[in-house]
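Welcome, and please open the model in your viewer. We will go from stop to stop, selecting a piece each time and looking at what is there.

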Amino acid sequence: MPAGEPPSPHAEPWQRVHPVSPLVRGWLAVVAVAFVYGQNTLSSFFGEEESYPGEEFVDGGSLLVPILIGSGILVLILLGFLGSWWFTKYQITDRHVNVNSGMVFRQQRQARIDRVQSIDIAQPLVARIFGLAELRFDVADSGSAAMSLAFIKLSEAQALRNTILARAAGLKAAEAPQRFRAPGEEREEPAGDDAVADPGVGARAPSSARVQAASEYVVATVPTGRLVGSLLLRPVTMVVVLGAAGLAVAMSTIEGFTAFYLIPAFLGLGGALWNHINTGYNFKAATSADGLRLSYGLLDTRHQTVPPGRVQAIKVSAPFFWRRFGWYRVAVNVAGIGGAGAEDSAERSVLLPVGTYEDVLAVLSVVLPDPGTPAAREFFAAAINGSGEDHGFTVSPRRVRPLSPLAHRRQGYAVTDTALVARSGALHRTAAIVPHERTQGIRLHQGPLARRFGVAELRLATIAGPVVPVVRQMDLDEARALFLAQSDRAAIARKKSDKNHWLEEA
C-alpha cells in the first residue's frame, strides 16, 4: 500500500489459492521428469550397453534404488509445490487487490481496483478437470495481465470478479454483493416475466429480473459453421492455400519433388486455423450488470468481462469476402489489453469474431449504451456500409478521386452527441467509433501529396490496440474545423462524465 494511505476499512482476510494450483501449473514438468527418469531407468535395467550411476545395484536384479531415488525426486517436487501454495496469498480491499507470492524470493504485488480495465476467468484443460480457474485482471498502463490468481475454484473466481468489478464501477463494499443496474436501466421491476426488447444500439437494457450480478443475458453467439467459413474466407488463408497449390503444380515438373516438402506450410496454416478455432469456438457475448461478458474456447475456455466504462475505441469491420454473407467483426481498444507486448492481445480485443448486423448492434448496445443519435440503426448501417453524405457524414472532396478512386465517396466522418465515427475502405470497410470523452489527443497530418490536393488527415489518439481512428483525406479547412471542434467536445465530455465509475449514482 502506498505510504501515507490509510488502510481500507473493508479489507477481506488474506486467503490462499487452491492447494492443487502448483500441480495444475507444473503438471507438464512433472510428467516430463517422470518420463525421462523412467525411460532411463528401464533402459539401464534391461539394456546391456547403457548404464547409469548406481548400476551395480540394478545388476543384482533389484529396482529398489531407482524407485527410492525417483520417490525422493517426487517428494522434493511435491514439497516445492506445497511451499509455493503456502506462500501464495491474496486479499481484496475497497481500493486494491494484493497478492503475495514466492518461497525463496518474496514478491508483493498490488493493483488499484479503480484502474482495473477488464477481468478474465481462464480455464486451461487441466484446471477444468479440477473445477478451477485463473482470475486475470488488466490494469491501465500495463502491456500485459498485471496480476492473476491461479488457481481458485470457479465459483470463487466468479464471485471475486463480480466484487472487483462492482467496486471498480463505483459501488461501495456494502452494495457489491447486491444487484446493481446496467447502464441506462430503470429501477422499476417489470410486471411478470416480460420479454426483453430486441437488443440494439440505444435499446433499453435487459430487465433487472434478468440482469443480475451473477446472471447473464446472451445477445450474440457464433455458430461453428460460420466461424469455420469466416476463417476459410480470410485473405491470409486464401493466399496461403492458393500459393501452396500453385507451388505444388509448378514444382511437380521437377524430378524428385513430392508433396512431403509442402507439409511445413500446411502445418503452419493448420496451426493458425486451429488457434482461431480454439479461441472462437462456442463464442457467446452476453450483457450483465457489470458489462459485456465474453465466453469462448474449445480446450482452454475463457470468460472475459469488458466494462463499458473502460472501452476507449470501437472498430466494426466488413472484410470483402465476408460481405456477401453479411458478416462483421467488432474489436475494441481497452487499456492493458492491446499493447504490443500483451499476451493474447489480438484475441482478447475482439468483442465479436464474426457476426451478423443484428449481432453488431447488440454488442454496441452494451459497450456504447448511448449512441447519441435517435436513428442509431440507420446511422451505423451508413457508417459500416454506406457512402456519400447521408445520415450526417462528411466525405472527402471530389478532387481526391485520383488518390482514392474507389473510397473517396465512402471515407469521411460523422459526429453524434456522444462519439465521433470515422469510416474508410471500399473493399475492406471499417468504421471506427471513439467516445468524445475518450479522445486523448488529436493530430492533423498532411503529406506532400495531400498538400498538392489541399486535403489532410485527422488522427485521434487513443490507447494501443487494433483500433486506429483516422479521418482520411478531408478538405483542409474542414479538417481544421473538425480539429478545433473535436478538441472542445472532448474537453467538455470529460468534465461532464467520469466513466471510471460507470455505475456510480449521479
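Start by selecting residues 455-461, which form strand E20. This strand is mostly covered, with five of its seven residues buried. Keep in mind as you look around that this is a predicted model.

**Stop 1: the partners of E20**

Add residues 441-445 to your selection to bring in strand E19. E19 and E20 run antiparallel and are joined by five bridges. To see one of these pairings, pick His 445, whose bridge partner in E20 is Glu 457.

Now bring in E21, which covers residues 470-475. E20 and E21 pair in the antiparallel sense too, over four bridges. Label Val 455 and look for its bridge partner in E21, Asp 475.

While E21 is on screen, click on Gln 473, which lies in this strand. Its phi is positive, about 50°, although Gln 473 is not a glycine. Most residues other than glycine have a negative phi, and most peptide bonds are trans. Is Gln 473 buried or exposed? With a relative accessible area of 16%, Gln 473 is buried; the cut-off for that label is under 20%.

**Stop 2: a threonine and its surroundings**

Next, select residues 429-435, strand E18, and find Thr 430 within this strand. Thr 430 counts as buried because its relative accessibility is 15%, and buried means under 20%. Which residues does Thr 430 touch, leaving aside its neighbours within four places in sequence? Show Lys 315, Val 316, Ser 317, Ala 383, Arg 410, Ala 422, Arg 423 and Ser 424: Thr 430 is in contact with each of these.

**Stop 3: two crossing helices**

Select residues 357-367 for helix H10 and residues 376-385 for helix H11. Two packed helices are described by the angle between their axes and the distance between the axes. For H10 and H11, the axes come within 11 Å and cross at roughly 115°. The two helices are therefore roughly perpendicular to each other, and their crossing is right-handed.

Turn on side chains to see who makes the contact. From H10 come Tyr 357, Glu 358, Val 360, Leu 361 and Leu 364, and from H11 come Arg 377, Phe 380, Ala 381 and Ile 384. By class, this contact has seven nonpolar residues, two charged ones and no polar ones.

Stay with Phe 380, which lies in helix H11. At a relative accessible area of 3%, Phe 380 is buried. If you would like a distance to check in the viewer, try Phe 380 to His 391: they are 11 residues apart in sequence, and their C-alpha atoms are 9.2 Å apart in space.

**Stop 4: the seven-stranded sheet**

Now turn to an open sheet of seven strands. In what order do its strands run? Stepping across the sheet, you pass E7-E6-E5-E11-E10-E9-E8, with antiparallel pairing. Select residues 147-153 and 217-221 to see the edge strands, E7 and E8, each of which pairs on one side only. On average, neighbouring strands of this sheet are turned by 20° against each other, ignoring direction.

Zoom in on E9 (residues 284-288) and E10 (residues 291-296), which run antiparallel and are joined by five bridges. Ser 288 has Gly 291 of E10 as its bridge partner. Bring H10 back into view here: this helix packs on the sheet and touches E8, E9 and E10. The direction of H10 makes about 135° with that of E8.

**Stop 5: two backbone details**

Go to strand E7 and find Phe 151 there. A cis peptide bond joins Ala 150 and Phe 151, with omega at about -5°.

For the other detail, select Asn 282 in the loop between helix H8 (263-280) and E9. Asn 282 is not a glycine, yet its phi is positive, about 55°. Asn 282 is partly exposed, with a relative accessible area of 43%.

**Last stop: the whole chain**

Zoom out and colour by secondary structure. The chain holds 13 helices and 21 strands. Of its 506 residues, 45% count as buried. How much of the contact network links residues 24 or more positions apart? Among the contacts in the chain with a separation of 6 or more, such pairs account for 59%.

Note on methods
Residues are numbered from 1 along each chain as its sequence is written. This is a predicted model: local features need pLDDT of at least 70, side-chain atom pairs count only at pLDDT 80 or more; totals for chains, interfaces and linings use all residues. Side-chain values use heavy atoms; hydrogens and water are left out. Axes are lines fitted to C-alpha atoms, for helices over the stretch in contact, and angles run from 0 to 180 degrees between N-to-C directions. Angles under 35 degrees count as roughly parallel, over 145 as roughly antiparallel, 65 to 115 as roughly perpendicular and the rest as oblique. A crossing is left-handed if the near helix is turned anticlockwise from the far one by less than a right angle, and right-handed if clockwise. Contact means heavy atoms within 4.5 Å. Ala, Val, Leu, Ile, Met, Phe, Trp, Tyr, Cys and Pro count as nonpolar, Asp, Glu, Lys and Arg as charged, and the others, Gly among them, as polar. Two strands pair if DSSP finds at least two bridges between them. Buried means under 20% relative accessible area, exposed over 50%, partly exposed in between (1.4 Å probe, protein chains only).
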